[in-house]
Amino acid sequence: MADMFCPECKKSTEVVLDHSAGDTVCFECGLVLEAHSIDETSEWRTFANESGENDPVRVGGPSNPLLTDGGLSTVISKPNGASGDFLSSSLGRWQNRGSNPDRSLIQAFKTIAIMCDRLGLVATIKDRANEIYKKVEDLKSIRGRNQDAILAACLYIACRQEDKPRTVKVGNGATKKEIGRAKEFIVKQLEIEMGQSMEMGTIHARDFLRRFCSHLGMTNTAIKAAQEAVQKSEEIDIRRSPISIAAAVIYMITQLSDEKKPLRDISLATGVAEGTIRNSYKDLYPYASRLIPSSFAKEEDLRNLCSP
């Protein structure tokens with residue numbers, strides 16, 4: 001509800017918006033203060049179910065400031081029942097002559113949106129990735145480079161900047177090494193353009209832990225113990241990547257629980273090589289008594305913990 005001045009009540013009162021009639025009504029006396037007002041909000045109604053295959057919805061997609069025309073250009077669609085030679089007709093030829101200069105940009109944004117949907121990322125990360133790709137594309141420096149790696153690197157950087165870091169395995173066909181090279185290239189290009197270092201955010205092992213534990217189907221008790229262990233590991237000088245530390249902590253916790261996880265499953269869930277997990281576990285093993293919560297494992301259990 002909003003407040004408006006009511007001449008009948010002679011004071012500012014709460015009003016009710018009747019969207020179906022477009023009326024603004026006083027909540028206390030029922031006087032219609034405004035009639036036939038225009039609703040400027042988005043129209044979410046669709047008529048697809050009422051008209052078979054056609055969808056005569058009266059609104060298009062939202063405007064996109066990253067595109068030349070804001071994403072509001074007009075496209076001549078193929079008529080119903082038209083044959084496959086539509087593009088050779090007069091309408092089709094005019095459509096091709098007025099080709100969209102943002103065609104490649106639109107396709108890149110669609111690919112980023114698909115990756116975000118697959119990874120369950122929020123819209124703010126998708127928008128940030130689109131902005132990063134637009135900046136790089138404007139520099140005309142990505143021609144001839146692996147497009148899949150560039151798009152995945154933009155999404156990776158966006159996750160870092162939004163404090164929602166993900167592993168490098170966010171691509172759609174590009175390898176981990178290709179995405180890493182593309183990320184370094186994009187950061188270097190943007191830093192040259194801005195004239196200053198690019199803020200990427202800090203990665204912590206706890207940022208990945210819960211997702212890894214969920215993929216492995218660990219119990220809530222084990223997840224809580226792993227979170228406490230990862231938090232305590234930040235007080236120890238372990239020169240390993242945060243993802244490797246998270247994987248090693250998970251391996252250590254699962255060895256102390258009733259549902260032990262093989263090293264291969266942890267490697268698949270975290271994307272960390274088995275050898276790297278073993279080496280990280282070897283570094284963490286001397287501090288097991290400090291890392292593992294006493295409520296999760298007793299000293300006798302820690303003594304029986306397999307040595308690296």
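Contact means heavy atoms within 4.5 Å. The exercises below concern a predicted model.

**Exercise 1.** Determine which residues isoleucine 125 is in contact with, leaving aside its neighbours within four places in sequence.

*Solution.* Begin with location: isoleucine 125 belongs to helix H3. Next, consider accessibility. Buried means under 20% relative accessible area, and isoleucine 125 counts as buried because its relative accessibility is 2%. Finally, list the partners: Leu155, Ala158, Cys159, Glu162 and Lys164. For one of these, alanine 158, the C-alpha atom lies 5.7 Å from that of isoleucine 125, although 33 residues separate the two in sequence.

**Exercise 2.** Establish whether the span of helix H4 (residues 147–161) agrees or disagrees with the value expected at 1.5 Å a residue.

*Solution.* The expected span is 1.5 Å times one less than the number of residues. H4 has 15 residues and should therefore span 21 Å. Its end C-alpha atoms are 21 Å apart, so the two values agree.

**Exercise 3.** Describe the surroundings and the ends of H4.

*Solution.* First, count the covered positions: 12 of the 15 residues of H4 are buried, among them Ala149, Leu155 and Arg160. Second, identify the packing partners of these buried residues, namely helix H2 (103–119), helix H3 (123–138) and helix H5 (176–194). Third, inspect the N-terminal end, which asparagine 146 caps through a side-chain oxygen 3.0 Å from the backbone nitrogen of aspartate 148. Last, just after H4, aspartate 163 adopts a positive phi of about 60°.

Note on methods. Residues numbered from 1 in each chain as written. Predicted model: local features only at pLDDT ≥ 70, side-chain atom pairs only at ≥ 80, totals over all residues. Heavy atoms only, no water. Helix = DSSP H or I, 4+ residues; strand = E, 2+ residues; numbered from the N terminus. Buried < 20%, exposed > 50% of the residue type's maximum accessible area, 1.4 Å probe, protein only. Polar contact = N/O pair within 3.5 Å; in protein donor to acceptor, adjacent residues only side chain to side chain.
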